[in-house]
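Reader: I am in my first year and would like a close look at a single part of this model. Please take one helix and go through it slowly, with the terms explained.

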Amino acid sequence: FVAVVLAAFVGGFAGVYMELMLKQAGSLWLRNAQLAMFGALTALVAAFANDGEKIRAGGMLQGFTWRSYLAVSALATGGLLVAVV
C-alpha cells in the first residue's frame, strides 16, 4: 500500500515539475514539438520492436478501415486542439 501511494505521489510531483519546467524555459511551441518528436520516436521504436516483421510486410496502416481512420483523425485533431490551448 505504501509503495502504491509513494509511486502516485512521485508521479504527480514529476508531472507538476515537468509542467513547471516547460512553462519557464523558452517557447512553449518548441517544447511541444520536442515532446512530440520524442513521443513519436519512442512509439516507432516500440512498434518495430514488437511487430517489426508485420510492419515491414504490410506497412504501418495494415488492417485500417474507414472507421479506424476516422477514430485516429478525431483523436489527432483533439490532441492538436489541446496543444493550441
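Author: What follows is a close look at helix 2, and then at the aromatic pairs.

This is a predicted model, in which local features need pLDDT of at least 70 and side-chain atom pairs count only at pLDDT 80 or more, while totals for chains, interfaces and linings use all residues. Residues are numbered from 1 along each chain as its sequence is written, and side-chain values use heavy atoms, with hydrogens and water left out.

Helices here are DSSP runs of H or I with at least four residues, numbered from the N terminus. Helix 2 covers residues 28-58. A straight helix of 31 residues would span 45 Å at 1.5 Å a residue; the expected span is 1.5 Å times one less than the number of residues. Between its end C-alpha atoms, helix 2 spans only 37 Å. Helix 2 also has a kink of about 100 degrees, centred on Asp 51. The bend at a residue is the angle between two axes, one fitted to the seven residues ending there and one to the seven starting there. After helix 2 comes Gly 59, with a positive phi near 90 degrees.

Helix 2 also holds both partners of a salt bridge, Arg 56 and Glu 53, which are three residues apart, about one turn of the helix. Side chains of opposite charge can pair when their charged atoms come close. The term salt bridge is used for a side-chain nitrogen of Lys or Arg within 4 Å of a carboxyl oxygen of Asp or Glu. For Arg 56 and Glu 53, the closest N and O atoms are 3.3 Å apart. The count by this rule is one salt bridge.

Relative accessible area sorts residues into buried (under 20%), exposed (over 50%) and partly exposed (in between), with a 1.4 Å probe and protein chains only. Arg 56 has 58% relative accessibility, so Arg 56 counts as exposed. Glu 53, at 62%, counts as exposed.

Now the aromatic pairs. Rings of Phe, Tyr and Trp (its six-membered ring) pair if their centres lie within 6.5 Å; planes under 30 degrees apart are stacked, over 60 edge-to-face, and the rest tilted. The structure has two such pairs. Phe 13 and Tyr 17 have ring centres 6.2 Å apart and planes at 20 degrees, so this pair is stacked. Both residues lie in helix 1 (residues 2-24), four residues apart. Phe 64 and Tyr 69 form an edge-to-face pair, with 5.4 Å centre to centre and 65 degrees between the planes.

Conventions. Helix = DSSP H or I, 4+ residues; strand = E, 2+ residues; numbered from the N terminus.
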